Every structure is written in C-alpha cells, then in structure tokens.
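Okay, everyone, let me pull this up on the screen. Have a look at the sequence and the structure first, and then I'll walk you through a few spots.

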Amino acid sequence: MGQEISSEVFTDAERKEYAKRLQQETDLLLQQLADQHFANQSPVAGFEIEGWLVDQHYHPASCCDQLIEIMNEPLLTTELAQFNIELNAPPRKLEKNVLSLFKQDLRRLLEQTDKQAETLGCHLFLIGILPGATGKDFTPQNMTNAHRYRALNEQVLHSRGEKPLELNISGQEHLQLIHTSVMLESAATSFQIHLQVPPDTAHHYYNASILLSGPLLAMAGNSPFLLGHRLWEETRIPLFEQSVNSGKTQRQRVSFGSGFARQSISECFVENQQEYPVLLPMLSDQSAERFPHLRLQNGTIWRWNRPLIGFDENGKPHIRIEQRVLPSGPTVKDMLANAAFFYGLTEALAGQLNRGEITLPDFAVSKDNFYRAARYGLNTTQIWNAEQVEVRPLILNTLLPMAQKGLEAFQLDAEDINNYLGIIEARTRTGQTGASWQCQQLSRYNGDMKAMLNEYDQHQRSGQPVHTWPAVR
C-alpha cells in the first residue's frame, strides 16, 4: 500500500529537515539490526493485487473512489488512477494449507469487489496492461484524489526540470510518445508478493529474489500490448521504468537495482539515503522508532525487488522482501502458483547462499536475465550457474525441484504444493502464458481487441489457469 501524505508542495527548509531525519532513522535502523531488535518470526506471506476497473467495452472506468466508499473494506485501497484498485490479502504464516486459505481470501475479496463494481456500471479485470486503454485515458483528470500521487507527479516533473516524459519501447513493434504526467504508470498493474524473513539472513533472501527474477518473469508474462502496439512479453517493465523517469542527472527511481546486498539488508536503506534525492519530503510526527521518513523514502524507490520495513501487532519491526516483477492475472490460481514458485525457490536459494553452497554471479548477469525474460518470455535463454540454458528446461529440470524442496521446508500441505507447482510445470511445458494467449487470440480475431478481451474475461471468471485456455495451434 502506498503511504498517504498531507501536502503537495514542499519548502527548502522541509527538504533539509527531512534529510536530517532520514539520516537519523537510517542510523537507528543500523543500530537496531545490530542489536537484534527486529522480529525474527518468519516466514509470513502476503500479496498485493493491482486491478483494472473497466466498462462493458473494456475501456478504463474511473470509479475507484466510489467503489471504495461503498465497500468500506480495509483490504482495498486506491492506486494512481481512478480506474485502478489495489486488493490486499491479509498476511498469513507460510505453513500447512496456507495456499488454500489464500485462495479463499482472494476469491472472496475479488467476488465482493466485482459485485459492488457492477452496481457502478463497471467490473474488475486482472491483466498486466489493459490493451483497450488509449492515450486519452492517462490524463491528470483521471488521477486519484490523493496528495501522494499528485505530489509524486509534481516532484518527478520538477526533478526533470519540467521536461515531459518520453516513452520509447522497441519490441515486436515500436512505440514512441511524449507524455506530460506520470499517469502512464497506471497502465501497469502488478501482483506483488511479500515474504517476511529473518533480519540476519534477509540479504540472502533479497539476493535470491533478484536471482530468480528472470525465470519467474519468463513463465508469467501477461502484458504484450500497450496503446495498440505489440511490444514485449511483459511490457510493464519498460513502461514503469520510463513513466517515472526522474531525469538523466539522478539515479533512476524504477530499476533492477544497483547490486546485491553483500553483508546486510541495511545496505539497501543506506543506498536510499545516500544515493537518492528526497522526492516527497513530508515531515512526520511519528517517533523515529517507526521509521516514517525512511519508509516513505523507500516507497519512492521502486526496485523490482525491494526490502520493506513493517511492524507486527506488538509494534516490533520486521523485514520483508517484496517481489514486484509479476503482472496482475490471468487468474487467482495462476497468481498463487507464481507465488508458490517464488516462495519455495527463494527459500531454497537463500539457504544455499547462507550455507555458502553457491556464490553470487556478476550482478549484470541477473540483470540481463531479467530484461531478456521481460522481452521474450519463455522463448529465451538464461545464464544459470555460469552456463547459458533455455529457460523452459531450466524451470522444469532445475528450479521446480528446488521450489518443491523449499515449500516442503515450510511444511506446506503436499496437495497444495503439487497443485500449484503443477500449474507452473504445465504452463512451462505448453508455453502458454497470458501474454502468448492474448497474442494468439488477437490474431484469431483479426485484430478485434474487444473480442479477445471478452474471451479473456470469460476464462478469467471461470478461474481455470491460463495454460488450460483454448489456444490457436
């Protein structure tokens, strides 16, 4: 969830004071981690799903504020645009039948949200990028009425010297345009996975999350179209990076990151304080022990893998890893399968790193793996253990067995493990992701986007995973 602020305009004095408090909180974080003050309870899992609100023609419908007011549901919150909504699963311990419980949680929330949305003439739609959206949808008039987003827009443009944002993506086709706000960010909706981890080994989990970003994204693409152009298998990646571009003079706010964490997860927060100018210098009255300025600063730096600080019911701080690479949709089963793969594989890889059984590759290798997966999906290669391999056999022969061992270490129910990892196996074997299905069906319908989206909608509502959807062969 994004942290709300109370102002959109900031003074130089506020920026100076914010920087001072950010330094103090960063020092406090280092001390508390050294003193083992952070909660050691783990693992705890959770999710955020960003969705679209669409009308009967599968165009964006700006009714988020009304929907949230009607539902009065704390698990729902706003996103950047009025046609986006965020749905949150309550965190649960990663044990026993947790995946089945998450399925119940998500289905209940999605069904209730969709039922209420229909009373407003719209419905909920889960997809990485909505192909039916046009440039006219991404205007400040459709921005959510929240200070955070309006201030974000103002400050990003200010950091660029008021120069407009440029989108330039080369894929199957080429898309280039100029935009005068950050609203294009709202075209990218994601499924964000959270994992609470032990603070002393959090850097190993963070590094493991980075390592598996490429294979994870390769088998989950669901965003091949943007503004009528077929681009990458997961076009969300360049779209988000370019839509919040803070200019050439600053380190980019959305990126794969600058490197692995070598000794401690605190290195990420130190980098936040030292390398990134403050974007939203909103001063807080909360005590330094709640890290308000450090957390807000972290919230304006969107690494595709990001550490977060939260607090348990007793007010004790904890560390969790947020995996941000995955798109929303196509179904609850698909997303939970992606999450199960992530949880099991991260646990297995982090253990290997902690025991010194494997060493980290050059960071550039993992970065290259990630962007190739975003471009080409399952039709790509990865560098794994210093060898170049096809991504599909890598997933089937190496990563799925590792993920199974990781989930078994959590003592998850065998039926859930086999069910959800079986979805990953079947999707990888068939090669049918949400992205590939969309491309096949659009060709079948001779470019009729509405017909393709209508069929996507029907299959999404059936709840059956995307690899089972009828395909054009």
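Let's begin with Asn-72, which counts as exposed because its relative accessibility is 66%. For that word, exposed means over 50% relative accessible area, buried means under 20%, and partly exposed is in between, using a 1.4 Å probe and protein chains only. Asn-72 sits in the loop between α2 (64-71) and β2 (76-78). When I say helix or strand, I mean DSSP runs numbered from the N terminus: H or I over at least four residues for helices, E over at least two for strands.

Before I go on, two housekeeping sentences. This is a predicted model, so local features need pLDDT of at least 70 and side-chain atom pairs count only at pLDDT 80 or more, while totals for chains, interfaces and linings use all residues. Residues are numbered from 1 along each chain as its sequence is written, and side-chain values use heavy atoms, with hydrogens and water left out.

Back to Asn-72: its phi is near 50 degrees, a positive value in a residue other than glycine. Lys-96 also has a phi near 50 degrees, again positive and again not a glycine. You'll find Lys-96 in the loop between β3 (84-93) and α3 (98-118), and with a relative accessible area of 54%, Lys-96 is exposed. Why point these out? Because most residues other than glycine have a negative phi, and most peptide bonds are trans.

On that second point, look at the peptide bond from Gly-329 to Pro-330: this one is cis, with omega near -5 degrees. Pro-330 lies in the loop between β13 and α10.

Now, Gly-329 and Pro-330 also show up in the lining of a cavity, the second largest one. A cavity here is a set of points on a 1 Å grid over the protein atoms alone where a 1.4 Å probe fits but cannot get out, and lining residues have an atom within 4 Å of a point. Points are joined across faces, edges and corners, and the volume is the space filled by probe spheres set on them. How many cavities of 30 Å³ or more does the whole structure have? The search finds 2. The second largest has a volume of about 40 Å³, and its lining has 4 nonpolar, 5 polar and 2 charged residues. Those classes go like this: Ala, Val, Leu, Ile, Met, Phe, Trp, Tyr, Cys and Pro are nonpolar, Asp, Glu, Lys and Arg are charged, and the others, Gly among them, are polar.

The largest cavity is about 50 Å³. Its lining includes Leu-165, Glu-166, His-179 and Gln-242, and β5 gives the largest share, 3 residues.

Asp-334 and Arg-427 are also among the residues lining the second largest cavity, and their side chains meet in a salt bridge, 3.2 Å from N to O. Asp-334 is in helix α10 and Arg-427 in helix α13 (residues 414-430), so this pair ties together parts that are 93 residues apart in sequence. Both of them are buried. A salt bridge, by the way, is a side-chain nitrogen of Lys or Arg within 4 Å of a carboxyl oxygen of Asp or Glu. The structure holds 15 of these.

Here's another one: Arg-306 and Glu-322, at 2.9 Å from N to O. Arg-306 is in strand β12 (residues 305-311) and Glu-322 in strand β13 (residues 317-323), 16 residues apart. Arg-306 is buried at 7% relative accessibility, and Glu-322 is buried too, at 2%.

Then there's Arg-21 with Glu-17, whose closest N and O atoms are 2.9 Å apart. Both lie in helix α1 (residues 12-34), 4 residues apart, about one turn of the helix. Arg-21 is partly exposed at 24%, and Glu-17 is partly exposed at 26%.

Last stop, the largest nonpolar core. That means buried Ala, Val, Leu, Ile, Met, Phe, Trp, Tyr and Cys residues joined through side-chain atoms within 4.5 Å. Which of its 152 residues touch the most other members? Phe-47, Trp-52, Leu-226, Phe-341 and Tyr-343. Helix α10 (residues 332-354) brings the largest share, 14 residues. Leaving aside neighbours within four places in sequence, Phe-47 is in contact (heavy atoms within 4.5 Å) with residues including Leu-87, Phe-102, Leu-336 and Tyr-343.

Key:
On a 1 Å grid over the protein atoms alone, a cavity is a set of points where a 1.4 Å probe fits but cannot get out, and a pocket is an open set with protein on both sides within 12 Å along at least five of seven lines; lining residues have an atom within 4 Å of a point.
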